[in-house]
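Open the model in your viewer and set it to cartoon. The tour goes from the overall fold to the interior.

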Amino acid sequence: MEIRRRSKNRTLPKPRSGGSVWPEQGCPAFTRREVGLNCARGCWYCRYGNFHLRERVALDVGICCWPKKQME
């Protein structure tokens, strides 16, 4: 369990385009969302992360959509 937790919290060496990402992860392509969430530097707060934030229920594990921005 501890190994899994550490892998979720690590900084990625490159964007995981099309791959799963967790809120605690970050990567070199990080670009902060302009609206709302402005307090951290992880995939959850990145324009390229699709966590279905505009849907009724947001996802815990999202999809990296780099280089296509998901929200402005």
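The stops below run from the whole chain down to one residue.

**Whole chain.** This is a predicted model. Colour by secondary structure: you should find 1 helix and 3 strands. Along the sequence they come in the order α-β-β-β. Of the contacts between residues at least 6 apart in sequence, 25% link residues at least 24 apart.

**Surface.** Switch on the accessible surface. The protein exposes about 5100 Å², and carbon and sulfur atoms account for 51% of that area. Of the 72 residues, 31% are buried.

**Nonpolar core.** Select L12, V21, C27, A29, F30, C43, W44, Y45, C46, Y48, F51 and C64 as sticks. These 12 residues form the largest nonpolar core. In soluble globular proteins, nonpolar side chains tend to be buried together.

**Cavity.** How many cavities of 30 Å³ or more are there? The count is 1. The largest cavity holds about 70 Å³ of space. To see its lining, select P15, V21, C27, A29, F30, C43, C46, Y48, G49, C64 and W66. That lining splits into 10 nonpolar residues, 1 polar and no charged. Gly counts as polar, so G49 is the polar member of the lining. Now overlay the two selections: V21, C27, A29, F30, C43, C46, Y48 and C64 belong to the core and also line the cavity.

**C46.** Finish by centring on C46, part of both the core and the cavity lining. Leaving out residues up to four places away in sequence, C46 touches A29, F30, T31 and R33. Of these partners, A29 and F30 are core members too.

Key:
Residues are numbered from 1 along each chain as its sequence is written. This is a predicted model: local features need pLDDT of at least 70, side-chain atom pairs count only at pLDDT 80 or more; totals for chains, interfaces and linings use all residues. Side-chain values use heavy atoms; hydrogens and water are left out. On a 1 Å grid over the protein atoms alone, a cavity is a set of points where a 1.4 Å probe fits but cannot get out, and a pocket is an open set with protein on both sides within 12 Å along at least five of seven lines; lining residues have an atom within 4 Å of a point. Grid points are joined across faces, edges and corners, and a volume is the space filled by probe spheres set on the points. A nonpolar core is a set of buried Ala, Val, Leu, Ile, Met, Phe, Trp, Tyr and Cys residues joined through side-chain atoms within 4.5 Å. Buried means under 20% relative accessible area, exposed over 50%, partly exposed in between (1.4 Å probe, protein chains only). Contact means heavy atoms within 4.5 Å. Helices (H or I, at least four residues) and strands (E, at least two) are DSSP runs, numbered from the N terminus. Accessible areas come from the Shrake-Rupley method with a 1.4 Å probe; for residues, only the protein chains shown count as cover.
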